Amino acid sequence: MTIDEYAVWAASIAKVDEHPSNERLSYLGLGLAGESGEVADHIKKLLRDDWLDKAGLVEELGDVIYYWACLCAATGQQPSELLKASAAKIRRRISEAASR
């Protein structure tokens with residue numbers, strides 16, 4: 001399954017349509033923030049306890065991807081195109097930092 005196929009599937013599960021309501025977008029954004037917080041909590045516990053629950057972290061990362069993919073679909077974006085744009089932005093920042 002490609003990331004674009006996953007986004008279509010996730011959007012169907014989340015009942016994201018072509019013109020999502022502000023409430024649906026808010027729900028998805030808050031879901032993404034909540035799951036990102038759970039990822040951060042795993043990292044916090046790593047720092048506190050010097051032990052990482054990798055399985056738990058991976059599970060939360062999957063939840064982050066679900067909400068991210070739903071938001072991509074809700075805004076009419078192809079996840080693969082966003083990934084390309086993100087990589088280009090990071091490359092540009094690295095290049096700019098190296099030239100300083």
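Helices here are DSSP runs of H or I covering at least four residues, numbered from the N terminus. The structure is a predicted model. With that convention, helix 2 comprises residues 22-49, and a pair of charged residues within this helix offers a suitable starting point.

D41 and K44 are joined by a salt bridge in which the closest N and O atoms lie 2.8 Å apart. The two residues are 3 positions apart in helix 2, and therefore about one helical turn separates them. D41 has a relative accessibility of 28%, so it counts as partly exposed. K44 likewise falls in the partly exposed class, because its relative accessibility is 42%. The pair belongs to a network of salt bridges that links D41, K44 and K45.

The structure contains 4 salt bridges, among them one between the side chains of D49 and R48, with an N to O distance of 2.8 Å. D49 is partly exposed because its relative accessibility is 41%, while R48 counts as exposed because its value is 53%. Another of the salt bridges connects K84 with E81, the closest N and O atoms being 3.3 Å apart. Both residues belong to helix 4 (residues 79-98), where they are 3 residues apart, about one turn of the helix. K84 has a relative accessible area of 52% and is therefore exposed; E81, at 45%, is partly exposed. The cut-off that divides these two classes is 50%.

K84 also appears in the surroundings of an acidic residue in helix 1, namely D4. D4 is buried but takes part in no salt bridge. The nearest side chain of opposite charge is that of K84, at a distance of 7.5 Å. A salt bridge requires a side-chain nitrogen of Lys or Arg within 4 Å of a carboxyl oxygen of Asp or Glu. When neighbours within four places in sequence are left aside, the contacts of D4 are with Q78, P79 and S80.

The nonpolar interior comes next. The largest nonpolar core consists of 13 residues, and those with the most contacts inside it are A10, A14, V16, L28, Y66 and C70. Helix 1 and helix 3 (54-74) each contribute at least two residues to this core. Helix 3 supplies the most, with 6 residues. A14 illustrates the packing: apart from residues up to four places away in sequence, A14 touches R24, L28, Y66 and C70.

Nonpolar residues also occur on the surface. M1, W9 and I13 make up a nonpolar surface patch, with a combined accessible area of about 370 Å². W9 is located in helix 1, which spans residues 3-13. This tryptophan counts as partly exposed because its relative accessibility is 41%.

A final stop is the loop between helix 2 and helix 3, where L52 is found. L52 has a relative accessible area of 23% and so counts as partly exposed. The threshold for a buried residue is under 20%. Leaving out neighbours within four places in sequence, L52 is in contact with H42, L46 and L57. L52 and I90 are 38 residues apart in sequence, and their C-alpha atoms are 27 Å apart in space.

Note on methods: Residues are numbered from 1 along each chain as its sequence is written. This is a predicted model: local features need pLDDT of at least 70, side-chain atom pairs count only at pLDDT 80 or more; totals for chains, interfaces and linings use all residues. Side-chain values use heavy atoms; hydrogens and water are left out. Patches are made of residues with over 30% relative accessible area and no salt bridge: like charges are joined within 9 Å, nonpolar side chains (Val, Leu, Ile, Met, Phe, Trp, Tyr) within 5 Å. Accessible areas come from the Shrake-Rupley method with a 1.4 Å probe; for residues, only the protein chains shown count as cover. Buried means under 20% relative accessible area, exposed over 50%, partly exposed in between (1.4 Å probe, protein chains only). A nonpolar core is a set of buried Ala, Val, Leu, Ile, Met, Phe, Trp, Tyr and Cys residues joined through side-chain atoms within 4.5 Å. Contact means heavy atoms within 4.5 Å. Lys and Arg count as positive and Asp and Glu as negative; His and the chain ends are not counted.
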